[in-house]
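Q: I am new to this structure and would like to start with one part of it. Please take a pair of packed helices as the part to look at closely, and then set a few other places beside it.

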Amino acid sequence: MQEKEGSVLFLGGNEVKSSAVVKYSSAPPQAAFARLQEKTDLKLPPANWLRESAKLGPAGTTILGNSKKSKPFSSFGMAYDFIDSVGNDVDVVSDSENIKKLLKIPYSKSHVSMAVHRIGRTLLLDELDIQELFMRSSQTGDWTWLKEFYQRLIDQKWQRKKKSKEHWYQKAILSKFLYYSINGDGAAQPVPSTSKQHQEGPVAGESDEAGRASWPAPFEMPSSLSEDPGASNQGNVPLEPSYIVGHVASAPKEQNLTPLFNDGENSQGLKNDFVRNILWTFEDIHMLVGSNMPIFGGGRYPAVSLRLRDNNKPINVLTGIDYWLDNLICNVPELVMCFHVNGIVQKYEMIKTEDIPNLENSNFSTKVIKDIAQNILSFLKSNCTKEGHTYWLFKASGSDIVKLYDLTTLCEETEDKYQNPFTMPVAILLYKVACNMMLKKNQNKKHYGTIRTLLLNCLKLLDNGRHPQIIASANYMLSELFQLDEPKKEDSTDFPINGNSDESYSEEEEEMPDSDENGSYSNSSDPPDDNKAVAIIKSVGELSVPEKYKSVHRIRPSCAFPVCHGTEERCRLVLNHVLEGLKSVDSSVKKEGDLPAADPSTPIPLKYEDESTSGGPECLEKQMALFLDKMGSFQKGKHSSQSGMIPGSWQYKMKLQLILKSSKAYYVLSDAAMILQKYGRALRYIKLALQCHDTYCCLCGSMLPEVLMFLCQCLTLCGDIQLMLAQNANNRAAYLEEYNYQTKEDQEILHSLHRESRCQVFAWATDLSTDLEYQLSVSCKCYEAAYEILLFSNLKKENPEQHIQVLKRMGNIRNEIGVFYMNQAAAVQTERVVSKNVSTTEQQLWKKSFSCFEEGIQNFESIDDATNAALLLCNTGRLMRICAQAHCAAEGDFKREFSPEEALYYNKAIDYYLKALRSLGKRDVHPAVWDSVNWELSTTYFTMATLQQDYAPLSRKAQEQIEKEVSEAMMKSLKYCDVDTVSERQPLCQYRAATIHHRLASMYHSCLRNQVGDEHLRKQHRVLADLHYSKAVRLFQLLKDAPCEFLRVQLERVAFAEFQMASQNSSAGKLKTLFGALDIMTKTKGAFQLIRKELVAESEQISKDKSPAEGVSPSDSSVGLNKEEVLKLLSIFESRMSFLLLQSIKLLTSTKKKIGGINEEEVVLKTNKQVYSLLLRATANKGLTLLERTDLILNLLEQLAPNSEGSNGGIQ
């Protein structure tokens, strides 16, 4: 067998263009023909007659003396060999004899009967020998429907025509002539006369055999293909699954496509037994043609064709066309004719191919032949539109009318589609063309629509009982067409998803009647059965009219790939095909007897475990251990199938691929549900994905890395889902409903899985629990399992991204569990009121929480995730603070002291916060986390200082020591409290800083009151108190929602001034301090305005609600003014104000007596007296409301303000 890309020859002058490329030839190099001597008697057989010879090559006797009868499936044999050309760039595949017969229709009276099949844009033409068929049907009873139809059509009793004696005589002398011509030197030597008696025998026998084409039985499969569904036959079925693709997760592998029928074709007549296959381009028509014409060397050209002619019979047009087309098809430039009379050689004549059309008696126009070819092709392409259908092109002998019938439609009106012997070859060819396109699918996304249509049409022709393997394989390929892991955008710009080139063809839609040009449907003059014809050429003469039969309508493209609206629809289509594939695999493994009968209509119960039965996290540990043990066993190569499939059989390989595909589809569905926050549905789908995976593991001995990788992804997603379910516990009822819902399709897929395994290995991961702790620990176990897989299968290096993802999730879930235990501990602590000791439950929870945080920190540190590690360190700090709070001794507040345990845990918390800051390094890494850690650190220092200040451990430490520690802690708290950065937390920071300054000022104020002795220290304390008070005031002034705090600080400052005044002796000094204190009081105007604003807003709200004043709680107003607090501060304010005014009046009066009138001081004195009397009157009146009292104070402050400013340049 040599592939030959033959030289391209353009023949036919400038009238028609023709070129031929030999794609394959089994003939030996051309032998020169032996020129026979004159008077050689061709009736005598040559010595080499019907014997093999080296000059003939492997084709042997096929070349010489073969009948012109083409086999019924010859085009299929060629199509299988040149699958690349089919459906794509070739218009016609056929035997050259059929093509010649078609092109001679307008010139010939003889009948034409051909089967036409469409595959993509290619038409396959085969001779349909009706006579032969009916001879068969009289023995088998098949095709009776066609026989009846044919008899009605021809309107006469059908009988088989006998071949004449003359016919056999002509065949015999042609055969002997050709054998003489290759015999070389001994050419003219006849065999001894003794063998004369055998002369007729062999030829007649051979020809008769050839005359009866080898029709296969309508639905017998070739022996090697019998696809017996019985399990006994499984192991030795020599077929590889025709299309098994290792297409897992997102890792496409090399796709290996083994031929479906190794040698089974021969027994079905599906063998390419032509000596030559030629790609012939005639004008714009591309044809793949089979030819057995003998070609010789010798003569003026490298190749000649040799013909024997009876000198008494002139060449007619039909013979001329025959010779011309044969030479064009085979690229032969010259024809050699040997003339004989009654078998005695007379002379030789050589004619150039381009001269054949002009021979005497046989001249014809090549242009007309070209028109005929184009018209016939257009007629067939326009009308043979349904792929998988068998069309019959028929012209009765002597008739001018050519009709086209759709035999498939006629056959469907009878019982069995397998009555049509073309069904199987067509189905297999559709399948093979699809396989071939599929192998190049990465380049050809635009062919997806075509591939899909080919496969759907193939499936329409097949019967599950007879061809489970092709059905399973075709369904798997259909599922492969849908990209599960492609980006969401369906209509990407790479390929037009709806459009298709002119190869598109209609599959579902009925064709519209053609225009009159293509024959009409009016059957007035036609026999009654013509309405069965799809199309009619009313007269063969029409074929010679140029462009009479243009393809009037472009065939509608219905092989567009379906546009899936969303992932769910795409996955459902995939699962639908997978299920069909699984059904055909299962139906071909006949061991149902051993299995419990599963009824696909009964749902398989999904276990819903309550936390009472699930046994909590401890039980999980066991299940995990079992699972990992099982995972380990896969490496050792154990596998078992309950249904009894034999490893290595096509069923086994195909089922593995289908199961993997369904697992992938369920994974994608689960992921999509997760995005939509349908967590119950997501868990159901991931459960199905893992059940598919479990079955795959049961069947498969060795786990491919990409399958393990996919399992790792499934477990990771399952962990995500369980975590989301835990975090959204309030929707539990809805999730449970989603989880328990099941489609019929999913049930049927599960039934198929249950034939192979119990599907329980991953049950621990996919149960929907109502217990939060259990859900969190399941999530954690899923991630751990995924991590284990990455570790023991050495996938870590190849998939660093996945490795990082899993570790990140492990860190995250450990944080979640840690926080869960920490909150539980805090809850236990708040409930514990009476007993003073820390309970063991609390300590257990702390330990659990701490170890979770610790593991999480390790996870994050191992992947250099500083930000998350910092967050977990921060949470550990919070845990330490909870431990510290638990240790505060609740022995009644009067005895309470800040304990060493508290100090220990607070210091530990501080350590963790500082570690968190070190982990981050600088603020730029993650400003939000950085600020958060700083705030927590500031809070811890502040809490510790406050507790030390409020519950001073005087039994253990000296007052000075405590003051020093408080001061240090407060200053550190200030250090980490960022007042300047503008953020949401800025007001909080300002409030905290103000509070710290206030507390420090109070502390120094208190020291100053209680200390005697060291004047230097007293002075220092006085300066510090003053400094911190002024800082606190400045910060509180910035805040618009802390009027009470601002008032309190100012009142403390007034008290501080009073304390200083007490130790002063001179009147001038006292007066100065007094004015300073009054000035502080006038500065509180802003705070009172805020309070008034709040009170007004509140009263308006009350009148709007028309409800009694008592009904409104202080918290209802926008800032939530504490009225009790305001009342208390107001009373203090009034008493301090009246005291200061009284003192100032006294002092001013006494100095006035001494010095005499100073105008300025007189004015002040007068104002102060006035304000004092107003204040006294007001305080005497007990009926004033809070708002009225506030208004009064504001009024008094207004009067005081100018004086104090005048008298004393605004002492702070």
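A: What follows begins with one helix and its two partners, and then turns to an enclosed helix and to several single residues.

The model is a predicted one, in which local features need pLDDT of at least 70 and side-chain atom pairs count only at pLDDT 80 or more, while totals for chains, interfaces and linings use all residues. Residues are numbered from 1 along each chain as its sequence is written, and side-chain values use heavy atoms, with hydrogens and water left out.

Helix α27 covers residues 866–886, and it packs against helix α29, residues 927–950, at an angle of about 20 degrees with the two axes 10 Å apart (helices, of at least four residues, and strands, of at least two, are DSSP runs; axes are lines fitted to C-alpha atoms, and angles between N-to-C directions run from 0 to 180 degrees). The two helices α27 and α29 are therefore roughly parallel to each other, a word used for angles under 35 degrees, as roughly antiparallel is for those over 145. On the side of α27, the residues T867, A870, L871, C874 and R881 take part in the meeting, and on the side of α29 they face V929, V933, E936, T939 and T940, where contact means heavy atoms within 4.5 Å. Sorted by class, this contact of α27 with α29 holds five nonpolar, three polar and two charged residues.

The other partner of α27 is helix α28, residues 900–920, whose axis comes within 8 Å of that of α27 and crosses it at roughly 170 degrees. That angle makes α27 roughly antiparallel to α28. The contact of α27 with α28 has 15 nonpolar, five polar and five charged residues.

Elsewhere, helix α22 (residues 744–754) is largely enclosed by the rest of the structure, because nine of its eleven residues are buried, that is, under 20% relative accessible area, whereas exposed means over 50% and partly exposed in between (1.4 Å probe). The buried residues of α22 are E745, D746, Q747, E748, I749, L750, H751, S752 and L753, and their cover includes α15 (567–588), α18 and α19. Between α18 (650–675) and α19 (679–699) runs a loop that holds Q677. The phi of Q677 is near 65 degrees, a positive value in a residue other than glycine, and at 53% relative accessibility Q677 counts as exposed.

A positive phi, near 55 degrees, is also found at E283, again a residue other than glycine, which lies in the loop between β8 (276–282) and β9 (285–291). At 19% relative accessibility, however, E283 counts as buried.

In strand β5 (residues 122–127) sits T122, which is buried at 0% relative accessibility. The side chain of T122 reaches the backbone oxygen of V90 at 2.7 Å, within the 3.5 Å allowed for a polar contact between N or O atoms. Leaving out residues up to four places away in sequence, T122 touches S85, V86, G87, N88, V90, D91, V93 and H117.

Last comes V828 in helix α25 (residues 800–831), which is partly exposed with a relative accessible area of 24%. Apart from its neighbours within four places in sequence, V828 is in contact with S839, E842 and L845, and its C-alpha atom is separated by 9.8 Å from that of V838, ten residues apart along the chain.

Technical notes. Parallel < 35°, antiparallel > 145°, perpendicular 65-115°, else oblique. Nonpolar A, V, L, I, M, F, W, Y, C, P; charged D, E, K, R; others polar. Polar contact = N/O pair within 3.5 Å; in protein donor to acceptor, adjacent residues only side chain to side chain.
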